[in-house]
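The following exercises ask the reader to derive local and global features from atomic coordinates. Each task is followed by a solution in steps.

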Amino acid sequence: MCGNNMSVPLLSEALTVPGTEKETAVVIFLHGLGDTGHGWADAMTSIRLPYIKYICPHAPRIPVTLNMKMTMPSWFDLTGLSPESPEDEAGIKRAAENIKAIIDHEVKNGIPSNRIILGGFSQGGALSLYTALTSQQQLAGVVGLSCWLPLHKTFPQAASGSGNKDTPILQCHGEMDPMIPAQYGAMTAEKLKNIVSPQNVTFRTYPGLMHSSCPQGSKCAQTLKEVI
């Protein structure tokens with residue numbers, strides 16, 4: 001079955017790295033604030049597995065309060081990066097629904113949801129966590145790099161209908177991250193253990209690493225091989 005990408009707004013312009021053989025799994029990876037899917041598509045190409053299709057969508061361009069209302073690619077508005085900063089609840093929920101639409105599209109095209117990994121970096125990782133925890137589709141795994149859990153005060157109630165209570169979640173964080181301190185990542189991991197099966201939450205830190213994806217990317221590649 002072949003669905004129409006135009007019916008899923010984020011898919012129409014997303015960068016896709018196809019498998020080199022029959023595709024039996026999908027990785028959806030979301031970039032961070034101010035970025036695009038281009039760099040991550042290149043990264044996925046370098047760690048690709050032949051039976052996986054990689055989808056790297058672009059966030060819409062919106063004014064971002066944190067950056068003096070400058071317009072830039074952003075999955076939702078940000079007012080601050082601390083756990084107590086006000087949050088764009090409507091924007092977060094809208095973004096999550098757009099990512100769920102990509103998941104649903106791939107399922108309709110023949111990829112079981114438990115063969116789909118959702119991941120992201122920074123704001124994209126945050127959206128990945130929120131989307132997975134509020135999705136009824138059971139995923140193969142979730143990867144969050146240098147990120148946090150949006151709307152954390154709404155959980156565990158917000159995850160009451162989630163299909164991912166037993167889904168593996170890998171968090172990776174640089175210990176020298178000046179933007180999203182590793183402490184926030186650790187707090188997120190502890191929160192996740194109160195939402196999903198604690199044994200399925202893995203939190204890894206990297207000495208000397210700042211707000212960056214390397215060497216987290218190599219660990220991400222290993223995780224893909226383990227879960228799909």
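**Exercise 1.** Which residues does S85 touch, not counting residues up to four places away in sequence?

*Solution.* The model is a predicted one.
- Step 1. Locate the residue: S85 belongs to the loop between β5 (70-73) and α3 (89-108).
- Step 2. List the contacts, leaving out residues up to four places away in sequence: S85 touches T79 and G80.
- Step 3. Examine the side chain: that of S85 makes a polar contact with the side chain of S82, at 3.0 Å.
- Step 4. Classify the accessibility: the relative accessibility of S85 is 16%, so the residue counts as buried.

**Exercise 2.** Determine the strand order of the seven-stranded sheet and identify its edge strands.

*Solution.*
- Step 1. Trace the pairings: the order is β1-β3-β2-β6-β7-β8-β9, the sheet is open, and the pairing is mixed.
- Step 2. Find the strands that pair on one side only: these are β1 (15-17) and β9 (201-206), the edge strands.
- Step 3. Compute the turn between neighbouring strands of this sheet: it averages 15 degrees, with direction ignored.
- Step 4. Inspect one pairing in detail: β7 (residues 141-145) and β8 (residues 169-174) run parallel and are joined by four bridges. Within these strands, G144 stands opposite Q171 in β8.
- Step 5. Place a helix on the strands: α3 lies across β2 (25-30), β3 (52-56) and β6 (116-121). Relative to β6, α3 runs at about 150 degrees.

**Exercise 3.** Establish how many disulfides the model contains, and assess the surroundings of C147.

*Solution.*
- Step 1. Apply the cut-off, which requires two cysteine sulfur atoms within 2.5 Å. The count comes to zero disulfides.
- Step 2. Check C147: the nearest cysteine sulfur belongs to C172 and is 9.2 Å away, and C147 is in no disulfide.
- Step 3. Classify the accessibility of two cysteines. C147 has a relative accessibility of 1% and therefore counts as buried. C56 is buried as well, its relative accessible area being 0%.

**Exercise 4.** How many aromatic pairs are there, and what is the geometry of the pair F29 and W40?

*Solution.*
- Step 1. Count the pairs: there are three aromatic pairs.
- Step 2. Describe F29 and W40: their ring centres are 4.5 Å apart and their planes stand at 35 degrees, a tilted arrangement.
- Step 3. Place the partners in the chain: F29 is in strand β2 and W40 in helix α2 (residues 37-46), so that the pair, 11 residues apart, links distant parts of the chain.
- Step 4. Classify both residues: F29 is buried at 2% relative accessible area, and W40 counts as buried at 10% relative accessibility.
- Step 5. Extend the group: F29, W40 and F121 form one aromatic cluster.

**Exercise 5.** Why is the pair of Y130 and F155 classed as edge-to-face?

*Solution.*
- Step 1. Compute the geometry: the ring centres of Y130 and F155 lie 5.7 Å apart, and the angle between the planes is 80 degrees.
- Step 2. Compare with the cut-off: planes over 60 degrees apart count as edge-to-face. The pair is therefore edge-to-face.
- Step 3. Place the partners: Y130 is in helix α4 (residues 123-133), whereas F155 is in the loop between β7 and β8. The two are 25 residues apart, and the pair links distant parts of the chain.
- Step 4. Classify both residues: Y130 is buried at 5% relative accessible area, and F155 is buried at 2%.

Technical notes. Residues are numbered from 1 along each chain as its sequence is written. This is a predicted model: local features need pLDDT of at least 70, side-chain atom pairs count only at pLDDT 80 or more; totals for chains, interfaces and linings use all residues. Side-chain values use heavy atoms; hydrogens and water are left out. Buried means under 20% relative accessible area, exposed over 50%, partly exposed in between (1.4 Å probe, protein chains only). A polar contact is a pair of N or O atoms within 3.5 Å; within protein, one must be able to donate a hydrogen and the other to accept it, and residues adjacent in sequence count only if both atoms are side-chain atoms. Contact means heavy atoms within 4.5 Å. Two strands pair if DSSP finds at least two bridges between them. Axes are lines fitted to C-alpha atoms, for helices over the stretch in contact, and angles run from 0 to 180 degrees between N-to-C directions. Rings of Phe, Tyr and Trp (its six-membered ring) pair if their centres lie within 6.5 Å; planes under 30 degrees apart count as stacked, over 60 as edge-to-face and the rest as tilted.
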